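Let's take a tour of a protein model, pockets and packing included. Have the sequence and the 3D view open while you read.

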Amino acid sequence: MPDIRWITTQERPAGVVDAVDSGLDHYNLHHAPLQQVQPLVCAAQDEHGATLGGVVGRTWGECAEVEQVWVDEAQRRSGLGRRLMTNFEHAAQARGVRRIYLSTFSFQARGFYEKLGYRMVWEVAGFTPEISKFMMQRELPSAP
C-alpha cells in the first residue's frame with residue numbers, strides 16, 4: 001500500500017471536493033438511474049421581473065424533494081408561500097409524484113409546513129441547544 005497523506009481541514013480544497021463529487025457521481029450513476037432526476041422550480045415575480053419568492057426542488061420517480069423555499073419578507077403572511085408550495089406540489093404530482101419531502105431548521109418554517117400537511121419524520125438536535133433540523137414529508141392525495 002502506498003504512503004497515505006491524511007488531510008483534515010476547515011477549508012474545502014477544490015481538488016479534494018472535486019474528486020469526492022466525481023467519485024460519488026460515478027458510483028451513484030452506476031447503481032441508480034439518476035439521469036431521471038428532473039429539476040422543478042416554481043416562482044412568483046412582480047411586474048418588473050423581480051422574484052418575490054420561490055420553491056426550488058427536484059423530482060425522481062414518485063418522490064419530490066423541496067430543496068429551498070424563500071419568500072421576500074414584504075410578501076410573508078400574504079399567502080404567497082402557500083401558493084408557491086401548492087404550485088410545486090401540483091407540478092410534481094403531474095410528473096407522477098406521490099410524496100414530497102424537505103428539511104427545515106427549528107428557526108425556519110416547521111409550523112408553515114405542518115399547516116400544509118407535512119409531518120415531521122425525524123429530528124436532528126444539537127446544532128445549538130435551541131436549534132434542531134427536521135425532515136418532513138407529505139403524502140399527496142391520489143390524482144383524479
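## Buried or exposed?

Before we start, one idea is needed: a residue counts as buried when its relative accessible area is under 20%, as exposed when it is over 50%, and as partly exposed in between. Keep in mind too that this is a predicted model.

Try that on Val71, which sits in strand β3. Its relative accessibility is 12%, and because that is under 20%, Val71 counts as buried. What does Val71 touch, if we skip residues up to four places away in sequence? The list is Leu52, Gly53, Arg76, Leu80, Gly81 and Leu84. There's also a distance to look at: Val71 and Thr51 are 20 residues apart along the sequence, and their C-alpha atoms are 8.8 Å apart in space.

## An unusual loop residue

Now move to the loop between β3 and α2, where you'll find Arg77. Is Arg77 buried or exposed? With a relative accessibility of 88%, it is over the 50% mark, so Arg77 counts as exposed.

The backbone here is worth a look as well. Most residues other than glycine have a negative phi. Arg77 isn't a glycine, yet its phi is positive, at about 70°.

## The big pocket

Rolling a probe the size of a water molecule over the atoms shows where empty space is left. In this model, the largest pocket has a volume of about 840 Å³. Its lining has 25 residues, and those closest to the centre are Val69, Gln108, Ala109, Phe112 and Tyr113. Four elements each give two or more residues to the lining: β3 (63-71), α2 (80-94), β4 (99-105) and α3 (110-115).

Which element gives the largest share of that lining? It's β3, with six residues. Sorted by class, the lining of the largest pocket holds 10 nonpolar, nine polar and six charged residues.

## The second pocket

The second largest pocket has a volume of about 160 Å³. You can pick out its lining by hand: Val37, Arg58, Thr59, Trp60, Cys63, Ala64, Glu65 and Tyr101. Here the elements that supply two or more residues are β2 (51-60) and β3. By class, the lining of this second pocket splits into five nonpolar residues, one polar and two charged.

## The nonpolar core

Next, the inside. The largest nonpolar core has 22 residues, and the ones with the most contacts within it are Val66, Met85, Phe88, Ile100, Leu102 and Tyr118. Two or more residues come from each of β1 (38-45), β2, β3, α2, β4 and β6 (131-139). The top contributor is α2, which gives five residues to this core.

Zoom in on Met85 to get a feel for the packing. Not counting neighbours within four places in sequence, Met85 is in contact with Val55, Val66, Val69, Leu102, Phe112, Tyr113, Leu116 and Tyr118.

## Thr104, a buried polar residue

Strand β4 holds Thr104. Threonine falls in the polar class, and Thr104 is buried, with a relative accessible area of 3%. Where does the side chain of Thr104 reach? It gets to the backbone nitrogen of Ala109, at 3.3 Å.

Setting aside residues up to four places away in sequence, Thr104 touches Ala109, Arg110, Tyr113, Ser132, Lys133, Phe134 and Met136. Ala109 and Tyr113 may ring a bell, as they are among the residues closest to the centre of the largest pocket.

## Two residues on the helices

To finish, visit two helices. Lys115 lies in helix α3. Its relative accessible area is 69%, which is over 50%, so Lys115 is exposed. How are Lys115 and Arg82 placed? They are 33 residues apart along the chain, and their C-alpha atoms are separated by 9.3 Å.

Thr86 is in helix α2. At 25% relative accessibility, this residue falls between the two cut-offs and therefore counts as partly exposed. From Thr86 to Gln137 there are 51 residues in sequence, and the C-alpha to C-alpha distance is 14 Å.

Key
Residues numbered from 1 in each chain as written. Predicted model: local features only at pLDDT ≥ 70, side-chain atom pairs only at ≥ 80, totals over all residues. Heavy atoms only, no water. 1 Å grid on protein atoms, 1.4 Å probe; cavity = no way out; pocket = protein on both sides within 12 Å on 5 of 7 lines; lining within 4 Å. Points joined across faces, edges and corners; volume = space filled by probe spheres on them. Buried < 20%, exposed > 50% of the residue type's maximum accessible area, 1.4 Å probe, protein only. Polar contact = N/O pair within 3.5 Å; in protein donor to acceptor, adjacent residues only side chain to side chain. Contact = heavy atoms within 4.5 Å. Core = buried A, V, L, I, M, F, W, Y, C linked by side-chain atoms within 4.5 Å.
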